[in-house]
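Open the model in your viewer and keep the sequence panel visible. The stops below say what to select next and what is there.

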Amino acid sequence: MAPLESAHRRAAHRVAVLLVTLVAGLGVLPATALAAPAPGQQMNAADMTLLNGVRLAGLWEMPAGNMAAEKGQSKRVREIGAEISRQHGVLDQLVVEAANKLGAVLPTTPTTQQQGWLTEMQNATGNQFDQIFVTRLRVAHGNIFPVIGAVRASTRDPIVRKLAEEANKFVNDHMSMLESTGLVRWQQLPPAALPPAQSDSLVAAAAANVGSGRGVEVSTTVVWLVFLAALATGGFATYRIMRRT
């Protein structure tokens with residue numbers, strides 16, 4: 001009797017091990033399929049365009065705002081210059097922090113064109129300076145505004161998405177401030193780049209923003225097939241053990 005009881009105990013132990021393994025597989029495999037990629041793994045060219053654009057905006061608009069605060073002809077321009085410079089300091093800190101989390105490298109100097117705008121402002125005085133300051137900054141903000149919206153609409157990276165939301169608030173506020181001077185020459189602003197009739201190019205461009213820099217994705221169907229195969233194998237093994245005993 002003792003050898004028979006010992007065999008039954010060994011068989012029961014084997015069954016228990018198989019059942020525990022199968023239950024563990026049920027909990028682990030689906031979790032693998034749903035695991036989110038680490039920040040930065042889903043970045044693409046559009047995301048980097050936003051990071052670089054926000055960084056470059058701060059690199060030239062902070063000194064431009066400081067100039068306006070010092071040499072603006074009107075009080076309103078001086079006030080706006082100081083506030084835009086201050087706010088870009090906050091936004092610049094946000095984009096640097098985001099880049100550090102994502103492992104992205106940001107520019108450290110303005111572009112040649114932006115440096116030319118600063119030189120243009122340095123050489124201007126009085127009402128001419130006010131007009132140049134408002135015109136240059138309003139056009140620049142109008143150019144980056146749709147980029148922010150497109151990236152916010154389709155980026156897969158949560159850090160980039162949050163930065164886009166923050167940048168959108170600042171840029172919209174800056175445009176409103178610049179427009180409050182009454183110096184915006186609306187006729188000279190570039191027209192909106194709308195797609196031709198019956199075209200969804202803007203939608204397609206936003207959809208393309210998901211890019212190719214994806215993390216590894218595992219099909220849920222494949223995961224369940226693997227699990228069911230393991231379940232079948234385990235069931236067959238259990239049946240054989242029970243038959244022997």
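Helices here are DSSP runs of H or I with at least four residues, numbered from the N terminus. The model is a predicted one.

**The whole chain**

Begin with everything shown as a cartoon and coloured by secondary structure. The protein has 8 helices and 0 strands. Read from the N terminus, the order of elements is α-α-α-α-α-α-α-α. Of the 245 residues in the protein, 33% are buried. Now consider contacts between residues at least 6 apart in sequence: 82% of them join residues at least 24 apart.

**Stop 1: an aromatic pair in H5**

How many aromatic pairs does the structure hold? It holds 2. For one of these, select Phe 129 and Phe 133 and show their side chains. The two rings are stacked, with 6.1 Å from centre to centre and 15° between the planes. Both residues belong to helix H5, and because they are 4 residues apart there, about one helical turn separates Phe 129 from Phe 133.

Are these two rings buried or exposed? Phe 129 has a relative accessible area of 0% and is buried. Phe 133 is buried too, with a relative accessible area of 0%.

**Stop 2: the largest nonpolar core**

Next select Leu 50, Leu 51, Val 54, Val 95, Leu 102, Ile 148 and Val 160. In the largest nonpolar core, which has 22 residues, these touch the most other members. At least two residues of this core come from each of helix H2 (45-71), helix H3 (75-102), helix H5 (126-154) and helix H6 (158-179). Which helix supplies the largest share of this core? It is H6, with 8 residues.

Centre the view on Ile 148. Apart from neighbours within four places in sequence, Ile 148 is in contact with Leu 50, Ala 164, Ala 167, Asn 168 and Val 171.

A second core, separate from this one, has 21 residues. Among them are Ala 64, Met 67, Phe 129 and Val 184. Phe 129 is also one of the stacked rings of the first stop.

**Stop 3: Leu 163 in H6**

Move to Leu 163, which lies in helix H6. Leu 163 is buried, and its relative accessible area is 4%. Not counting residues up to four places away in sequence, Leu 163 touches Leu 51, Leu 94, Val 95 and Ala 98. Leu 51 and Val 95 were both in the selection for the largest core.

Add Glu 97 and draw a distance between the C-alpha atoms. Leu 163 and Glu 97 are 9.7 Å apart in space, although 66 residues apart in sequence.

**Stop 4: Val 134 in H5**

Go back to helix H5 and pick Val 134. Val 134 is buried, with a relative accessible area of 0%. Which residues does Val 134 contact when neighbours within four places in sequence are left aside? They are Leu 178, Thr 181, Leu 183 and Val 184. Val 184 is also listed in the second core. From Val 134 to Glu 179 the C-alpha distance is 8.1 Å, with their positions 45 residues apart along the chain.

**Stop 5: the largest pocket**

Switch on a surface and look for the largest pocket. Rolling a probe the size of a water molecule over the atoms shows where empty space is left. The volume of the largest pocket is about 310 Å³. Its lining is made of 21 residues, and Gly 53, Ala 57, Gln 114, Ala 140 and Ile 144 are the ones nearest the centre. H2, H3, helix H4 (112-122), H5 and H6 each give two or more residues to the lining. H2 gives the most, with 8 residues. By type, the lining residues are 12 nonpolar, 8 polar and 1 charged.

**Stop 6: two glutamines in H4**

From the pocket, select Gln 114, which lies in helix H4. Gln 114 counts as buried, at 10% relative accessibility, the limit being under 20%. Leaving aside neighbours within four places in sequence, Gln 114 is in contact with Leu 56 and Trp 60.

Finish at Gln 122, which also lies in helix H4. With neighbours within four places in sequence set aside, Gln 122 is in contact with Met 67 and Lys 71. Met 67 is listed in the second core, as is Ala 64. The C-alpha atoms of Gln 122 and Ala 64 are separated by 8.9 Å, and the two residues are 58 residues apart along the chain.

Note on methods. Residues numbered from 1 in each chain as written. Predicted model: local features only at pLDDT ≥ 70, side-chain atom pairs only at ≥ 80, totals over all residues. Heavy atoms only, no water. Core = buried A, V, L, I, M, F, W, Y, C linked by side-chain atoms within 4.5 Å. Buried < 20%, exposed > 50% of the residue type's maximum accessible area, 1.4 Å probe, protein only. Contact = heavy atoms within 4.5 Å. 1 Å grid on protein atoms, 1.4 Å probe; cavity = no way out; pocket = protein on both sides within 12 Å on 5 of 7 lines; lining within 4 Å. Points joined across faces, edges and corners; volume = space filled by probe spheres on them. Nonpolar A, V, L, I, M, F, W, Y, C, P; charged D, E, K, R; others polar. Phe/Tyr/Trp six-rings, centres within 6.5 Å; stacked < 30°, edge-to-face > 60°.
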